[in-house]
Amino acid sequence: MVEIKGKVIFDKELCTGCLACMTACIDARCPTENAEGVSMRRIRKVTDEKARFQKNICTGCLHCGLCISKCGQGALYRDEETGLVLLRRERCVGCGMCAQFCPEQAIFFDKDKKAEKCDGCIEYQREGRLPACVKACPVHALKIEKQ
Amino acid sequence: MASVKIRKSSCGICSSQCPLDIRVQDGKIRSVEGGKNNPFQYGGICSKGAASRQYVYNKERILYPMKRVGKKGEGKFERISWEEAFHIIKDRLNELREKYGPESVVFYAGYPKWFRPALLRFANAFGSPNYCTESSTCFQAANLAWRSIYGNNICPPDLRHTKTLLNWSKNLYHSAVDMAETYRELKDKGVTVIAVDTRNSVTAHDASLRLQPYPGTDGALALAMANVIISEKLYDREFVQKYVYGFEEYAEYVKKFSPKEAEQITGVPAEQIVQAARIFACNKPSSILFSASSIVHHINGVQNQRAVFSLLAITGNYDVDGGNVCMPGETAPRNEYGKVTRFHEIPAIGEKDYPVWFDLPCEEANCARLSEYIAGDGPYPIKGIFALGLNHRMWPQPEKLNKELETLDFYVNSDLFLSDSSKAADLVLPACSSLEREELVFRGGAWVELTQKAIEPLGESRNDIEMIIDLMKYMGLKDQVLSGTYEEYLDYILKPSGLTVKELRKHPGGMKAVNVILPERRSWEREPVHTPSGKIELKSLVMEKYRESHGIRGLPVYCEYRDAQPYRSGEYPLILNTGSRRPQWFHARMYRLPWLAQLEKAPLVQIHPSDGAGYGIREGQRVRVVSPAGSITGYAEYNIAQKQGVVHIYHGLKGADANELIPEAWKDPVSGFPGYKSYFCRIEPGDLESGMNTSEREQ
């Protein structure tokens, strides 16, 4: 099987707001009994007044890396193998700087106030699988940018 | 830990039956992804399917047969064995048959739909004509509208060859994501897509031309398109002369609906109507994509739907390449589905009220007035219901229906969840989900799948068909097809296809049938159309028969619903539209999944910002929606993609169910379908106290 490894790219024009990626992210991350089931994606409303149109889109981490330099603890880093921006949870002090600068608001905080973010389903990718959100998307608004 | 295995299953949450790859470890589901077993499958998933784990392992699952120990509707049950459950069912149903006749028992099919033919056989063997389904408020009205014109079952668009696609209100990006890729590709292929939708939905927004009528005015819009097509002589004269009945009267009738006139009724600019009509008639072949019930959930629903479907006949787009076709592609022949006849030696419920339903038979009784029939307003007493997946929230005034269910002498419901519908029962049976059984799925391209059992059924839950087979044996009821095992029944269904269960088990993900029916077009050249006139009927002779007795017209007439008093008087100045799809909901069942329930506040009351301003309701604020039938409280959402003066709410939420706002009598006289998508309401800021009363306290 060909190894697919890379960053997630998102086309908000193509997104239909079907929420499949939102839930697929939960399915990939959470145990069944986890009622809250936190998704690493967010629903955002976009409007086009002129066209009298609005829709929801689901945004998530694009692994741009802006957060890496904002973190004073070195908790965030880019994985060389995949290009994904990953988190060393044990280093996070919960200062929130990364979230403040994230253009996609894709950094979340768990109950211990430690940062949580999309890891591009790196384990899936190592198995040669697509990240859950990319696999779910029925309109290919989410893709993998190959390294 | 054992290794992870992928099981090829299919989703049973809605009716699309999308293929699923289930990752299973130690007998438990680890994760769920869309399956891609052949090149025609999209491989993705929707938000509901992706939440399958919480659906299957839901804490509300019924795990054992249970009998009621408390008062009716109280929800107190006691675990019993399957043996005892069968014993009770046998005793009680036989008792009712003796006392009131077999017709006093209704055999009711809710969701999902896969077991329907077996349930019909059960009803037949018992001797009851009253096999009915939730298609009495879903698919059958559109099918009836089609059959009144073309004499056969509803024909889908041939998307591979069409040049113009008229998408009449199917928001498939949210309701049928398995079609999303194909729909998007149409544009790349140069197909002109015209979308008709009361909202500028994501799906409509992708079209080349968008028509945004008021809810319930689809008929007037379609008749105006016909007006343009006929007056500009763009219709297919040769086809109409040879194969169409009633054209002259139809042409005369549509004269009333000039584009200017229709603009007044529908709110669609006249020039857009003209443009759509010209494209549809000239850029051929053209076809119509429809939804099961967006048009027919109106009090003039069947006629509106007929007006829409008539456009294919006058433009010669019926059963030609790229039009709406009897058989879109290769098909695997099979037994059973659509081939079991309903027992009709005793008149069924609904026959007197909705005779057209029975003259254009769908082999189902009509249960649109079930609540009233149980209350004694039917042709004879209804005393018992044997139901699989009954959901009272499919119907208007659901709480009233549930109260009626509690008055039955005997009511049994087999279901996944201990819903309020099940709590009203005397006996509940645990059904298993599609992930816990093997099931036949017939797909396009003559592809057949025998889905794999991903996990063992939870608790003592069972496959519905297996349960019916065993129950019928227990009751001593004979049926030639259901006398063997479940596997033998599947082999019977498969027989014409040349496949067997044994062979399919060797091919997880499915295979192409051995025997394949190749698509043929232009059926009208080979055989007469199956209507009384033998032609395509723009004026339905079946419907015209009931002009005197039921006031039903043969022509696809348009009736104005906004003449009704509540709207006219100004007391309820807004149009209420319930049930338009939200991507994460499916009727009532998905609200119990926390993963989905957290995605948005429910119920959302979607209003145009100018109505929000007009009635003093801010976005996100609690809002009370009041109709002549009831009131609920929800959360306001502003939506600029919908029309001013229209309120949209999704239904099925306990304590704030939009269907409580629709009165029982607000029905289409032809089909009995509720006018879910065009009733009336007013909105007011929801003060927190009253919001608590109507909604939260009950939850």
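**View 1. Contacts of A:A20 in the predicted model.** Leaving aside neighbours within four places in sequence, A:A20 is in contact (C-beta atoms, placed from the backbone, within 7 Å) with A:A136, A:C137 and A:P138 of its own chain. From chain B, the residues in contact with A:A20 are B:G44, B:I45, B:C46, B:S47, B:A50 and B:V177. This is a predicted model, in which local features need pLDDT of at least 70, side-chain atom pairs count only at pLDDT 80 or more, and totals for chains, interfaces and linings use all residues. Residues are numbered from 1 along each chain as its sequence is written, and chains are lettered from A in the order in which they are written.

**View 2. The largest nonpolar core.** A nonpolar core is a set of buried Ala, Val, Leu, Ile, Met, Phe, Trp, Tyr and Cys residues joined through C-beta atoms within 7 Å; buried means that 20 or more other C-beta atoms lie within 10 Å of the residue's own. The largest one holds 259 residues, of which A:A20, B:L119 and B:M225 touch the most other members. Its largest share, ten residues, comes from helix α9 (residues 218-231) of chain B, a helix being a DSSP run of H or I of at least four residues.

**View 3. Domains 1 and 3 of chain B.** Domain 1 spans 5-56 and domain 3 spans 156-314, with bounds from an automatic or database domain assignment. Their C-alpha centres lie 35 Å apart. Five residues of domain 1 of chain B are in contact with four residues of domain 3 of chain B.

Definitions and conventions:
A residue is buried if 20 or more other C-beta atoms lie within 10 Å of its own, exposed if 12 or fewer, and partly exposed in between; C-beta atoms are placed from the backbone. Helices (H or I, at least four residues) and strands (E, at least two) are DSSP runs, numbered from the N terminus. Two residues are in contact if their C-beta atoms, placed from the backbone, lie within 7 Å.
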